[in-house]
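Please take a moment to look through the sequence and the model before reading on. The paragraphs below go from the overall layout to the ligands and then to single residues.

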Amino acid sequence: MVKPIEIVILAAGVGSRMRSEKPKVLQTLGGVPLLHHLLETVHDLNPIKIHVVVGRHASEIKNQTDNRMEINWVIQEKPKGTGHALAQVVPHLLLESRLLVLLGDAPLVKRETMEALVSDKSDLVILTTKVSDPTGYGRIVREGGEFSEIVEEKDTSSSQRLINEINTGVMVINSKKVGAWVNKITDNNVQKEHLLTDMVKIANHEKATVSSLEVFDSSEVQGVNTFSQLANMERVLQKNKAERLMESGVQIMDPTRIDIRGTLKAGKGVVLDINCVFEGQVVLGDNVLIGPNCVVSDSKLDSGTVLKPNSVVEGAEVGKNCSVGPFARLRPGAVLGDDVSVGNFVEVKKSVFGVGAKVNHLAYVGDSEVGAGANIGAGTITCNYDGANKSKTKIGKNAFIGSNSSLVAPVSIGDEATVGAGSTITKDVKDGELAVGRGSQKNVAGWMRPKKKD
Ligand code: UD1
Ligand code: CA
């Protein structure tokens, strides 16, 4: 019979090497806290129980964890070492399971690797890898071909320090044995901590079956102790995401210059130029082109749309075949119909644009409804805020707003209506009317410019 899988994630350490107030497992990787990466992966293993060991940051970590997942939070009052952390979980364990222990600060372990580990029947299975620089990691010591122990960096002899096969910190334990084994761990070592790694020696001493599994791509099992390691890991994660997108047919101009901090779904024929950041949930339809230096957050861009360089799009929905940018800003609630054009230095907030509407230069459109085919001239401002309240502007179908106009909301411009350039519009304009709201021009013949004084 296949034994159920139980998960333990150790996340109670203080993360002192980051010198940060934030608990290490809440530092973000790909825009998501470290802990969430592991939780998502283990979820796919259908574990019977997930235990997460947390310390003094418990409530902060709980608050920032997706509550759709059922987690047994276990408190470790003081971080006395990884062995002590696991000991706190023992009273909560089921009688018979394959217990998969993960470190909260090694978040990229793949599901396939976890599956291979739990399917090994040994009482203790350690996941190892070989690295060119083993500094900081526990070393895998083999004597006469037998896996005899793990020695932490601080406890190594000078010859052990040269060993480049290291402990990833990930292991599977027969849950029946774990209670007795953690009780035997002492703090008799240089760091005066209860080291989980001592389990290998203890299990061997009892003649239990101990084995190891080597993962060949060590980037998968990297641990994060410093911001420098976190930055390296970010590149590993981004490279994986970029590879997956390229495999699905997305053209990425330079996969080392893209950041996806969330989920990016892209259709066929999509091209992503350099230095773009995608945050939250972003959906790009077929043939969407994203120019260099764009930031797109929680938005949907439909097929054939072009986002030109240096544009920022947040919480927006853009229709088919639109042109946005360069240097455009779409803010939350911007909803553009098909064939809309939003040009340079234009800001759009909480406004709905009908099919084919245009606002091409230097404008602010907020809390507005813009009819299909309307043209908003350069420098137009919807004055939506009176210092206390926000009001709406309605611009009708095929309306033409002359350049440098101020539309003082609440105000409505009718279908096919025209606003003369430089107008300040404070009263509604009916369908088809021309509204001119500016001082009329006076020409003074024979006027002399003042002369310069000596
Ligand atoms: C640990 C391993 C080391 C391995 C490395 C891989 C031990 C003793 N050492 O070292 O062999 O090569 O990971 O990355 O296991 N934690 C607690 N409570 C504690 C201490 C730590 O929950 O009292 C948690 C931390 O939050 C962290 C994880 O355990 O998520 C690992 O702790 P850390 O101090 O980072 O161990 P390393 O020194 O990296
Ligand atoms: Ca670590």
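Which domains does the domain assignment of the chain give? The assignment gives domain 1, covering residues 5–221, and domain 2, covering residues 249–435. In this predicted model, the C-alpha centres of domain 1 and domain 2 lie 49 Å apart. Another distance along the chain is that between Val53 and Ala445, whose C-alpha atoms are separated by 86 Å and which are 392 residues apart in sequence.

We can turn next to ligand 1, which is surrounded by 23 residues, the closest being Gly13, Gln76, Gly81, Glu152 and Asn167. By residue class, this shell divides into eight nonpolar, 10 polar and five charged residues. Strand E1 (5–11), helix H3 (82–89) and strand E10 (165–174) each supply at least two residues of the shell. Oxygen atoms of ligand 1 are also met by polar side-chain atoms: an N or O atom in the side chain of Thr82 is 2.8 Å from one oxygen atom of the ligand, a polar side-chain atom of Arg17 lies 3.5 Å from an oxygen atom of the ligand, and for an N or O atom in the side chain of Asn225 the distance to an oxygen atom of the ligand is 3.4 Å. On its own, ligand 1 has 760 Å² of accessible area, and the protein covers 90% of this.

Asn225 appears again at ligand 2, a calcium ion that is coordinated by Asp105 (OD) and Asn225 (OD1) at 2.2 to 2.5 Å. This pair links distant parts of the chain, since Asp105 sits in the loop between strand E6 (98–103) and helix H4 (111–119), while Asn225 sits in the loop between strand E11 (210–214) and helix H7 (227–247), 120 residues apart. Both Asp105 and Asn225 are buried. For Asp105 the relative accessible area is 13%, and the residue counts as buried because this value is under 20%. The side chain of Asp105 also makes a polar contact with the side chain of Lys24, at 2.8 Å.

Burial can be followed elsewhere in the chain. In helix H1 (residues 34–43), eight of the 10 residues are buried, so the helix is largely enclosed by the rest of the structure; among them are Leu34, His36, His37 and Val42. Val53, in strand E4 (residues 49–54), counts as buried at 0% relative accessibility. Ser423, in the loop between strand E35 (418–419) and strand E36 (424–425), is likewise buried, with a relative accessible area of 0%, and its side chain reaches the backbone oxygen of Gly420 at 2.7 Å.

The last stop is the backbone. Most residues other than glycine have a negative phi, and most peptide bonds are trans. A cis peptide bond, with omega about 0°, joins Gly325 and Pro326, and Pro326 lies in the loop between strand E22 (323–324) and strand E23 (329–330). The peptide bond from Ala409 to Pro410 is cis, with omega near 0°, and Pro410 lies in the loop between strand E33 (406–408) and strand E34 (411–413). Positive phi values occur at Asn287, near 60°, and at Lys350, near 40°. Asn287, in the loop between strand E15 (276–284) and strand E16 (289–290), is partly exposed at 47% relative accessibility, whereas Lys350, in the loop between strand E25 (341–349) and strand E26 (352–353), is exposed, with a relative accessible area of 54%.

Notes:
Residues are numbered from 1 along each chain as its sequence is written. Chains are lettered from A and ligands numbered from 1 in the order in which they are written. This is a predicted model: local features need pLDDT of at least 70, side-chain atom pairs count only at pLDDT 80 or more; totals for chains, interfaces and linings use all residues. Side-chain values use heavy atoms; hydrogens and water are left out. A residue is near a molecule or strand if one of its heavy atoms lies within 4 Å of it. A polar contact is a pair of N or O atoms within 3.5 Å; within protein, one must be able to donate a hydrogen and the other to accept it, and residues adjacent in sequence count only if both atoms are side-chain atoms. Accessible areas come from the Shrake-Rupley method with a 1.4 Å probe; for residues, only the protein chains shown count as cover. Helices (H or I, at least four residues) and strands (E, at least two) are DSSP runs, numbered from the N terminus. Ala, Val, Leu, Ile, Met, Phe, Trp, Tyr, Cys and Pro count as nonpolar, Asp, Glu, Lys and Arg as charged, and the others, Gly among them, as polar. Domain bounds come from an automatic or database domain assignment. Donors are N, O and S atoms within 2.8 Å of the metal (3.2 Å for Na, K and Ca); water is not among the atoms, so sites may look incomplete. Buried means under 20% relative accessible area, exposed over 50%, partly exposed in between (1.4 Å probe, protein chains only).
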